[in-house]
Amino acid sequence: MSTRKNSTKTRLAVTALACLAVAMLGANAAAEEKFHKLSAGQIRAKLTGMELTDNVHWRDLYQRNGTVMSASMGRKRTGKWRVEDDQLCIEFEKEPIPTCYDVWLSGKQVELRREGLLPLQGTLEPSSWRN
């Protein structure tokens, strides 16, 4: 009889773990589905005056006047940002060719996407920029 109880407990534990795994996979899929592509007006509204950061390696401040200030791994740069054809375009000093991204948003999570590259992922926050 003791073996039967252990067998039942084992089946219940396996079933519970399987349910948990399915729930976690479903939650991750739902989180991915929440990302939506922003239009030109939405990009301006969300980024202007805000900071995009990975909270460890880099942060970019999108100022109202079209200036972008970037700090990445201790290196500071400035440049210009604009919205063109529903994309965020960034042009840093000494890099005359702008880089343009589709902007995808889910809550405060942002992905800057370009064809053929992995997305640049960050969090949108009020500015904490210090000179």
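These exercises work through the packing of a predicted model.

**Exercise 1. Which residues touch the most other members of the largest nonpolar core, and which elements supply at least two residues each?**

Step 1. Take the core itself. It holds 19 residues.
Step 2. Look for the hubs. Tyr 62 and Leu 88 touch the most other members.
Step 3. Assign the elements. α2 (40-47), β3 (58-62), β5 (75-84), β6 (87-92), β7 (99-106) and β8 (109-113) each supply at least two residues.
Step 4. Follow one hub outward. Leaving aside neighbours within four places in sequence, Tyr 62 contacts Leu 47, Thr 48, Gly 49, Met 50, Leu 52, Thr 67, Val 68, Trp 81, Leu 88 and Ile 90.

**Exercise 2. Where do the buried residues of α2 fall, seen down the helix axis?**

Step 1. List them. Ala 40, Ile 43 and Leu 47 are buried in α2.
Step 2. Check the arc. The buried residues of α2 fall within 60° seen down the axis, so they line one face of the helix.
Step 3. Find the cover. It includes β2 (50-53), β3, β5, β6, β7 and β9 (120-126).
Step 4. Inspect the end. Gly 49, just after α2, has a positive phi of about 80°.

**Exercise 3. Is Val 110 buried or exposed?**

Step 1. Place Val 110. It lies in strand β8.
Step 2. Apply the cut-off. Buried means under 20% relative accessible area. Val 110 has 2% relative accessibility, so it counts as buried.
Step 3. List contacts, not counting residues up to four places away in sequence. Val 110 touches Phe 35, Leu 52, Val 103, Trp 104, Leu 105, Leu 120, Gln 121, Gly 122 and Leu 124.
Step 4. Take one partner. Leu 124 is 14 residues from Val 110 along the chain, yet their C-alpha atoms are separated by 6.7 Å.

Note on methods:
Residues numbered from 1 in each chain as written. Predicted model: local features only at pLDDT ≥ 70, side-chain atom pairs only at ≥ 80, totals over all residues. Heavy atoms only, no water. Core = buried A, V, L, I, M, F, W, Y, C linked by side-chain atoms within 4.5 Å. Buried < 20%, exposed > 50% of the residue type's maximum accessible area, 1.4 Å probe, protein only. Helix = DSSP H or I, 4+ residues; strand = E, 2+ residues; numbered from the N terminus. Contact = heavy atoms within 4.5 Å. Arc of directions from axis to C-beta.
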